[in-house]
Amino acid sequence: MNFWGKVIIITGASSGIGKELALSLSKEKCKLVLIARRIEILNELKQEIENNGSELLAIKCDVSDKEQVKYSVESVIKKFNQIDGAILNSGVSYKQSFSNFDSTIAEKTFAVNYFGIVNFLNELLPIFKKQRSGFIAGITSLADARGFPVSGFYCSSKAAVTSLLESLKAEYKPFNVNIINIHPGFVKTPMTDKNDFPMPFLMDTKEACKIILKGLKKNKGIIKFPWQMTFLTGLLKRIPDSWFQYIADKRMSVRKK
Ligand SMILES: NC(=O)c1ccc[n+]([C@@H]2O[C@H](COP(=O)([O-])OP(=O)(O)OC[C@H]3O[C@@H](n4cnc5c(N)ncnc54)[C@H](OP(=O)(O)O)[C@@H]3O)[C@@H](O)[C@H]2O)c1
């Protein structure tokens, strides 16, 4: 895939992976639509993006709000008269405490990580189906592999996204719409800066975005990285459930100390 002249939406472009993707993609001379709630940060990127040869439309939008997402997509069509692709990257990760179940954290997590993607699919799929082209890349996570202790809401929100996009992939292939699941391992961003546990094979944001863009250019259906975490989580997925439970129990006893 060539990004030249293409209209590409990136959600969650005010920080971390989304921001770096926006800056990297801007070198490809495309029309970038950057979406987040902190519009002031998106506007700060304007100069750099234009210097790199791309156009910018910055939109303030809470992706968990269906109406705001509808309005955002309408604004893109109004400005550029087309949409070629979307990288649905907005995401949240809240700290969960041991044995203190709080459903409001689940609601807040799914509102962004799952419904933030569903709301865009609702607007973009009919457009892409009609024009018989387009790509939608959802940033899920290698954390979708299993229900890791103390990350249940995050893991299940990502597993839900993975499963949804996987099912849509086959449905939309006949319409020449490519639906892509992107599964990063740990990447150094403001989201992971808050973590107080070891993050094996933590990657630099630039390196992570290079892999994502390379995968998109090659029209890959699934992008997973780094290979070490892909291997480990793949293994965890395949071991018997009782073995996984043993590892999870051990991990919990270490964390409680
Ligand atoms: N970092 C990692 O190790 C890692 C690993 C696997 C997957 N991921 C996934 O990668 C994606 C990006 O994560 P990151 O690490 O770059 O995190 P980050 O630096 O915290 O960035 C999160 C982005 O999501 C946006 N966002 C949050 N709530 C939103 C809402 N209601 N509406 C619109 N935008 C919203 C934020 O923008 P505003 O606050 O301005 O709205 C921000 O731009 C997430 O989906 C995350 O789950 C990250």
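Here is a short chat about a predicted model, covering two helices, a ligand and two backbone spots.

Reader: What makes α6 and α7 roughly parallel to each other?
Author: Look at the crossing angle: the axes of α6 (residues 115-131) and α7 (residues 152-172) cross at roughly 10 degrees. Angles under 35 degrees count as roughly parallel, so α6 and α7 get that label. Their axes come within 13 Å.

Reader: How do you know which residues make the contact of α6 with α7?
Author: Contact means heavy atoms within 4.5 Å. On the α6 side that gives Ile117, Val118, Leu121, Leu125 and Lys129. On the α7 side you get Val161, Leu164, Leu165, Leu168 and Tyr172.

Reader: And how many of these are nonpolar, polar or charged?
Author: In the contact of α6 with α7, nine are nonpolar, none is polar and one is charged. Lys counts as charged, so Lys129 of α6 is the charged one.

Reader: Now the ligand. What makes a residue part of its surroundings?
Author: One of the residue's heavy atoms has to lie within 4 Å of the ligand. That holds for 30 residues, and the closest are Ser15, Arg37, Tyr154, Val187 and Thr189. By class, the shell has 14 nonpolar, 12 polar and four charged residues. As for elements, α8 gives the largest share, three residues.

Reader: Why is the pair between the ligand and serine 90 called a polar contact?
Author: The cut-off for a pair of N or O atoms is 3.5 Å. A nitrogen atom of the ligand sits 2.9 Å from an N or O atom in the side chain of serine 90, so the pair qualifies. An oxygen atom of the ligand is also 2.8 Å from a polar backbone atom of isoleucine 17. The protein covers 95% of the 880 Å² of accessible area that the ligand has on its own.

Reader: What makes the bond between phenylalanine 225 and proline 226 worth a look?
Author: Most peptide bonds are trans. The one joining phenylalanine 225 and proline 226 is cis, with omega about -10 degrees. You'll find proline 226 in the loop between β7 (222-225) and α10 (227-238).

Reader: And what about phi of lysine 29?
Author: Most residues other than glycine have a negative phi. Lysine 29 has a positive one, near 55 degrees, and its place is the loop between α1 and β2 (31-36).

How values were computed. Residues are numbered from 1 along each chain as its sequence is written. This is a predicted model: local features need pLDDT of at least 70, side-chain atom pairs count only at pLDDT 80 or more; totals for chains, interfaces and linings use all residues. Side-chain values use heavy atoms; hydrogens and water are left out. Axes are lines fitted to C-alpha atoms, for helices over the stretch in contact, and angles run from 0 to 180 degrees between N-to-C directions. Helices (H or I, at least four residues) and strands (E, at least two) are DSSP runs, numbered from the N terminus. Angles under 35 degrees count as roughly parallel, over 145 as roughly antiparallel, 65 to 115 as roughly perpendicular and the rest as oblique. A polar contact is a pair of N or O atoms within 3.5 Å; within protein, one must be able to donate a hydrogen and the other to accept it, and residues adjacent in sequence count only if both atoms are side-chain atoms. Accessible areas come from the Shrake-Rupley method with a 1.4 Å probe; for residues, only the protein chains shown count as cover.
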